[in-house]
Number of protein chains: 2
Amino acid sequence: MTDSSPAPGGRRRRVDAQRNLHALVDAARTVFDTTGVDAPAKEIADLAGVGVGTLYRHFPLRSDLVKAVVESGIDAIAALGARLGAEEEPGDALKEWLRQYATFLGSKRGLAPALHSGDPAYKELPGYFLAKVGPALAALLDSAVAAGVVRDDVSADDVLYAVANLCMPVPVERPGYEPRRMVAVFADGLLGGGRRPAHGG
Amino acid sequence: MTDSSPAPGGRRRRVDAQRNLHALVDAARTVFDTTGVDAPAKEIADLAGVGVGTLYRHFPLRSDLVKAVVESGIDAIAALGARLGAEEEPGDALKEWLRQYATFLGSKRGLAPALHSGDPAYKELPGYFLAKVGPALAALLDSAVAAGVVRDDVSADDVLYAVANLCMPVPVERPGYEPRRMVAVFADGLLGGGRRPAHGG
DNA sequence: TCTTGTTCCGGAAAGCCCTTCCGTTTCTCT
DNA sequence: AGAGAAACGGAAGGGCTTTCCGGAACAAGA
């Protein structure tokens, strides 16, 4: 994604360009969550401390910017999986990761209209998501199963989709629906209930 | 919806205003299907043979126009149910209505982005839809069940949702998917298969 | 039918935003 | 340090939205 390798032409990418690119993605994430996907380009450029020209240089299409924001989020949640897997107990790591995953899904609410707009620019995103996040969760899940703290009859993709569906906005008005609470329930079910390999399943 | 009753103030609504209002909704339906929900206001006004000012007089917000288009479609499909119920054999009426319903859903494809945008302006539409179309289908269904040409173990809402789901755009690329053909299959199942009251169910 | 008061129409104009473009600045490499 | 390339910034052009108001069209009453 955001590589600093020497370009094909032979020269290295300028550091200010890279800095601005990051700043733009960060600013866009914030503004998208605040004002929505249709926020004025100038608002994003201003927040990034950059001229509009620079924004358009890096992201000629708005969908390019949306894609970059989503992909950076995907990268972050996948990286978080690796970190938690290395630093926490398997059960805690999984639980915390699911919490963060639910938050991640919730924070992307403002982008949903764009993502579901049918724009072909977003065709590759689901694949990117599965390829990055799937293995990250699979690793956490494997460790937890191996440690005997989690049932072994669900796959990583199962969990990914189930949680994503739990976080889906409900079509009809239902005041008390709290996706993140439902995910916590789901996580408890994963950790507490069902068969586990250590107990003979 | 489009009433011509005397306004609260005491005076009747002007006929040209009402004519323009209809023309605008018709034009908007066409343009939305052609150019999309984000079509320029002038394109709609031109097609309606009206100035932009008139458009904004009747529909200050774009969502007002979208709502009017959707509601007029809902009214039409509900009215069609009544007409078919009165003029056709129960089985034919149901079959034909489902065909038209599928077409109706397909034609609203261009509006989907707006409808799913989370704009609170559209909150009431699902309720309006259910209240109008539900009874219309229920009447057709009751007649058909009474005539013994349709299984009696499905409700109107079941059918409404099932068909709507059949017409849902598929997330992954599947070239041959033809919603209307699937609906026809579904209709045959309704008419042909399963238990029917006349045969002892 | 004619008058009167109101509603409604039409399109010009102002404002906002997108997008491009190019002179200037900043960086990289030698 | 100097030359050349890459990137920056913001002004300018073009389109779309939305407002605004003078004038036209209509409804009610005589």
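Which residue follows α2(A), and what is the sign of its phi? The residue is G49(A), and its phi is positive, near 70°. The close-ups below come from a predicted model.

**View 1. Helix α2 of chain A and its buried residues.** Helix α2 of chain A spans residues 41-48. Its buried residues are A41(A), I44(A), A45(A) and A48(A). Seen down the axis of α2(A), these residues fall within an arc of 95°, so they line one face of the helix. They pack against three helices of chain A: α1, α3 and α4 (62-87). After α2(A) comes G49(A), with its positive phi.

**View 2. The protein surface around DNA strand C.** There are 22 residues around DNA strand C. R11(A), A41(A), R14(B), N20(B) and G53(B) come nearest. On the DNA side, sugar and phosphate make up 62% of the strand C atoms that come within 4 Å of the protein. By class, the surface near strand C holds 8 nonpolar, 5 polar and 9 charged residues. A41(A), listed among the nearest residues here, is also one of the buried residues of α2(A).

**View 3. Helices that face DNA strand C.** Three helices each supply at least two residues of the surface near strand C. From chain A comes α1 (15-34). From chain B come α1 (15-34) and α3 (52-58). Helix α3(B) gives the most, with 5 residues.

**View 4. Polar contacts to DNA strand C.** This view covers one base atom and two phosphate sites. For the base, a polar side-chain atom of R14(A) lies 2.9 Å from a base oxygen of strand C. In chain A, the side chain of Y56(A) places an N or O atom 3.0 Å from a phosphate oxygen of strand C. In chain B, an N or O atom in the side chain of T54(B) is 3.0 Å from a phosphate oxygen of strand C.

**View 5. The protein surface around DNA strand D.** DNA strand D has 22 residues around it. Those that come nearest are R14(A), N20(A), T54(A), A41(B) and Y56(B). Of the strand D atoms that come within 4 Å of the protein, sugar and phosphate account for 65%. The surface near strand D divides into 8 nonpolar, 5 polar and 9 charged residues.

**View 6. Helices that face DNA strand D.** Chain A contributes through α1 and α3 (52-58), and chain B through α1. Each of these helices supplies at least two residues of the surface near strand D. The largest share, 5 residues, comes from α3(A).

**View 7. Polar contacts to DNA strand D.** R14(B) reaches a base: one of its polar side-chain atoms lies 3.1 Å from a base nitrogen of strand D. H58(A) has a polar side-chain atom 3.4 Å from a phosphate oxygen of strand D. For R62(B), a side-chain N or O atom is 3.4 Å from a phosphate oxygen of strand D.

**View 8. A salt bridge between two helices of chain A.** Side chains of opposite charge can pair when their charged atoms come close. Over all chains, the whole structure contains 18 salt bridges. One of them joins the side chains of K95(A) and D188(A), at 3.7 Å from N to O. K95(A) lies in helix α5 (residues 90-107) and D188(A) in helix α9 (residues 179-192), so the pair ties together parts that are 93 residues apart in sequence. K95(A) is partly exposed, at 39% relative accessibility. D188(A) is partly exposed too, at 43%.

**View 9. A salt bridge within helix α5 of chain A.** E96(A) pairs with R99(A) in a salt bridge, and their closest N and O atoms are 3.1 Å apart. Both residues belong to α5 of chain A. They sit 3 residues apart, so about one helical turn separates them. E96(A) is partly exposed, with a relative accessible area of 25%. R99(A) is partly exposed at 44% relative accessibility.

**View 10. A salt bridge within helix α4 of chain B.** R83(B) and E87(B) form a salt bridge, with the closest N and O atoms 3.0 Å apart. Both lie in α4 (residues 62-87) of chain B. Their spacing is 4 residues, about one turn of the helix. R83(B) is partly exposed, with a relative accessible area of 42%. E87(B) counts as exposed because its relative accessibility is 54%, and the cut-off for exposed is over 50%.

Definitions and conventions: Residues numbered from 1 in each chain as written. Chains lettered and ligands numbered in written order. Predicted model: local features only at pLDDT ≥ 70, side-chain atom pairs only at ≥ 80, totals over all residues. Heavy atoms only, no water. Near = heavy atom within 4 Å. Polar contact = N/O pair within 3.5 Å; in protein donor to acceptor, adjacent residues only side chain to side chain. Nonpolar A, V, L, I, M, F, W, Y, C, P; charged D, E, K, R; others polar. Salt bridge = Lys/Arg side-chain N within 4 Å of Asp/Glu carboxyl O. Buried < 20%, exposed > 50% of the residue type's maximum accessible area, 1.4 Å probe, protein only. Arc of directions from axis to C-beta. Contact = heavy atoms within 4.5 Å.
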